[in-house]
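Me: I have a structure open and would like to talk it through before I go to the bench. Can we take it piece by piece?

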Amino acid sequence: MSTVDIATTPSGSQRSVETLVSKLRRRQVVGSRDAALETVLVLRQVVSKARFSNIDQLVAIIRSVGRRLVDAQPKEHSVGNTVRKVLHHIREEYNTASKGTAASSSKVTYTISNFVLQGQPRKQTVAPKSEAIITLKENDPDDPDSFSRALKPVLMEAIQDVLDELETVYDNVSKNAKDHIHSDEIILTIGHSRTVESFLKQAAHYRSYTVIVAETGPSYKGHEMAQSLSAAGISTFLVPDSSIYAIMSRVNKVIIGAHAILANGGMFAITGSLLAATAARVHSTPVVVCAGQFKFTPLWNLYHDFGALDFADPSSVLGFEEGSLVDNVDVLNPYYDYVGPELVDVFITNDGDHPPSSVYRLIKESYDDDDHEL
Amino acid sequence: MASGESSKFNLHATYLKNLQNHEISPPLAAILSLSELVVNSGAGTMFELVKELHEGAEVLKKSTTNPISLNAGCELFIAFVTLFPHESDSFAELKSELMRQGQKYAREAISYRDKIAELTLGFIKDDSVILTHSYSRVVMKALLHAHKTKRISVYVTEARPRGLGIKTYEELTAAGIPCTVVLDSAVAYVMDKVDFVLVGSEAVVESGGLINAVGSSQIAIIAKASNKPFYALAESYKFHRLFPLSQYDLPTHNPNILSFRSPQITAAQGSASGVSPDNQTPAINDISTFMTPAISSSRTMSADQIVCNPDVDYTRPNLISLVFSDVGTLTPEAISQYLVAMFAG
């Protein structure tokens with residue numbers, strides 16, 4: 001795969017890759033959506049500048065860029081997801097486009113193992129966007145650029161689709177907010193998830209309800225959330241994290257955001273989410289997670305890894321003003337909790353509401369299997 | 001049908017011959033034997049061929065007391081044959097093509113255990129303590145594969161009455177994996193020390209549940225109660241279109257199992273009048289004549305008592321965390337989806 005190196009991508013796009021790599025590394029780009037957006041923009045530039053004469057070269061270029069971005073910040077899962085999504089769309093466009101030239105070149109042979117694979121979830125074939133059939137000539141020795149020239153407009157359109165999805169993600173998630181929140185309900189939330197924020201504000205147009213925000217130490221993102229919600233005219237209470245359990249008996253629904261959603265239906269979410277979800281389980285309170293589908297990550301087993309969690313600056317837990325203590329204790333400040341699939345009732349995404357058990361299927365549908373390892 | 005008669009005899013012999021190979025499990029042996037049946041059959045049309053295959057499957061099924069996994073293989077092959085596109089010039093050619101497909105699949109399928117072992121590796125962290133049940137070839141492969149790169153220790157249940165856990169113990173110890181045999185009744189005692197449970201399977205069924213050596217279900221229940229993951233390993237040819245709602249829906253269940261004997265029956269000449277309605281098959285009386293008082297006094301189960309016990313049990317899908325198969329890591333829901341798409345699609 002490394003026959004096509006990053007070096008073959010022109011310097012302009014290489015520079016933009018480098019910039020994003022260092023931004024990710026320095027944590028100047030944080031948050032799944034921002035990271036995903038930046039990734040699409042870089043990929044768009046890479047594809048538009050890339051020189052390739054067949055699809056494999058293009059895929060190799062994108063993968064090598066993707067690998068660099070993922071290595072720069074492996075815990076920002078949406079970067080890898082976006083790369084996979086772009087690859088998936090590009091392959092799809094290529095397949096529809098090449099159908100006109102090489103008719104059924106890849107005919108599936110009928111064997112028992114393929115018969116078994118029929119059971120695999122597949123995306124319903126989408127009607128091709130480009131009605132006009134383009135003639136594709138792969139590996140044309142006379143004019144090596146002809147392939148990329150013909151394919152690029154379609155590819156750009158495909159990447160634009162990914163971008164559009166990301167840009168409209170909040171609107172699409174909150175589209176049906178009023179069906180999930182009823183009048184006079186009491187909602188508990190934690191952290192400051194943009195998705196949840198827009199979801200709650202959207203519902204406030206139709207319903208009057210109360211939100212209890214846990215302050216979410218040690219980052220205290222809950223403060224911002226409470227401020228923003230009450231500014232939007234929603235009746236809001238701010239409570240300390242330690243009272244989540246006590247308050248749960250009065251809560252009708254727990255609505256939280258996610259950082260990354262794994263294939264088993266579990267998720268990484270801001271610290272405190274596990275506490276809230278477990279307390280909700282005890283009281284049989286529904287736990288609703290709002291998240292865009294770009295957070296779906298084709299991984300199963302991260303929960304074994306303590307290191308899979310992200311750790312934040314410990315100074316917010318124990319500052320240097322506690323000088324005498326600092327030398328004597330180790331301070332950890334994990335930024336995310338792993339919340340298992342059994343604690344989540346539903347994921348509300350930009351493309352429908354899904355139970356944790358069907359996340360694996362959505363992942364199979366939106367990414368290609370060979371891209372799971374970039 | 002004369003040709004059918006002659007191949008019937010061959011079929012069972014072929015099946016047994018295929019089973020001789022230790023890598024070949026019953027479903028694969030069934031697929032291999034059925035594909036040989038295809039070329040040996042005198043059927044002139046697809047309809048006749050499929051009918052003959054069904055009869056062959058029936059013969060194989062009758063030849064064994066535990067036909068579950070064998071059935072899964074037969075069903076897979078027959079469904080495949082039914083849907084196979086007719087592109088060959090002659091029917092004879094089609095038949096030999098079908099046989100080639102069957103044999104090709106069996107060759108491929110042997111490597112599935114390695115695939116599953118590789119998949120399982122990602123879920124085994126260093127220093128894991130694993131509980132397994134009885135003996136399973138695919139679990140052995142997974143454990144031995146994990147042993148190459150990670151430190152693991154294994155508890156294995158004895159798995160009475162066949163005691164196959166001892167076989168697992170011997171093979172693991174020979175490979176240098178720390179291993180201890182625990183009583184089937186000590187599973188709850190050991191569960192707190194265990195990181196996860198890993199079992200093989202006889203079949204995985206449409207509900208997403210699992211059919212495996214008896215005892216798996218109770219292990220799964222205990223694992224669930226102590227919040228430990230319960231993983232099952234299953235090659236895709238063990239996907240079986242069956243929807244048991246309880247233990248007693250399994251094809252292996254018969255009136256003998258769990259039947260009550262009247263005290264008199266142990267005195268050899270018990271009349272059937274006083275026993276429960278289930279307990280009327282003549283087989284029971286035949287077996288009970290083997291039983292001598294000496295055996296029952298030695299405080300182990302007599303053959304007669306063992307007959308009243310099941311070989312396999314059904315584990316409900318809500319107790320299973322994940323199923324690893326050659327087609328990927330699957331949730332129990334995914335299994336049912338696979339089965340529906342394969343056989344109903």
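What follows is a short exchange about this predicted model.

Me: Start with the overall make-up, please: how many helices and strands does chain A have?
Reply: The secondary structure of chain A comes to 14 helices and 11 strands, and of its 374 residues, 52% count as buried.

Me: And what does chain A expose?
Reply: About 17,000 Å² is exposed by chain A, and carbon and sulfur atoms supply 51% of that area.

Me: How much of the contacts comes from residues far along the chain, say 24 or more positions apart?
Reply: If you take the contacts in chain A with a separation of 6 or more, residues 24 or more positions apart account for 79% of them.

Me: Now the sheet. What is the strand order?
Reply: It is an open sheet of 7 strands in chain A, with mixed pairing, and the order reads β3-β2-β1-β4-β7-β10-β11. The edge strands are β3 (235-239) and β11 (352-354) of chain A, each of which pairs on one side only, and the twist averages 25° from one strand to the next.

Me: How do β2(A) and β3(A) run, parallel or antiparallel?
Reply: β2(A) and β3(A) run parallel and are joined by 5 bridges; as one example of a bridge, A:V213 has A:L238 in β3(A) as its partner.

Me: Different topic: which residues of helix α12 in chain A are buried?
Reply: In α12 (residues 273-282) of chain A, the buried residues are A:S273, A:A276, A:A277, A:A279 and A:A280. Seen down the axis of α12(A), these buried residues fall within an arc of 165°, so they line one face of the helix.

Me: What covers the buried residues of α12(A)?
Reply: The cover includes several strands and a helix of chain A, namely β1 (186-190), β4 (253-257), β6 (267-270), β7 (287-290) and β9 (336-339), together with α11 (244-247).

Me: And what is the phi of A:S284, which follows that helix?
Reply: A:S284, which comes after α12(A), has a positive phi, near 50°.

Me: Last one, A:H205: where is it, and is it buried or exposed?
Reply: A:H205 is placed in the loop between α9 (194-204) and β2 (210-214) of chain A. A:H205 has a relative accessible area of 62%, and because exposed means over 50%, A:H205 counts as exposed.

Me: How far is A:H205 from A:I255?
Reply: A:H205 and A:I255 are 50 residues apart in sequence, and in space they are 17 Å apart, C-alpha to C-alpha.

Conventions
Residues numbered from 1 in each chain as written. Chains lettered and ligands numbered in written order. Predicted model: local features only at pLDDT ≥ 70, side-chain atom pairs only at ≥ 80, totals over all residues. Heavy atoms only, no water. Helix = DSSP H or I, 4+ residues; strand = E, 2+ residues; numbered from the N terminus. Buried < 20%, exposed > 50% of the residue type's maximum accessible area, 1.4 Å probe, protein only. Pairing = 2+ DSSP bridges. Axes fitted to C-alpha atoms, helices over the stretch in contact; angles between N-to-C directions. Arc of directions from axis to C-beta. Contact = heavy atoms within 4.5 Å. Areas by Shrake-Rupley, 256 points an atom, 1.4 Å probe, with all protein chains shown as cover.
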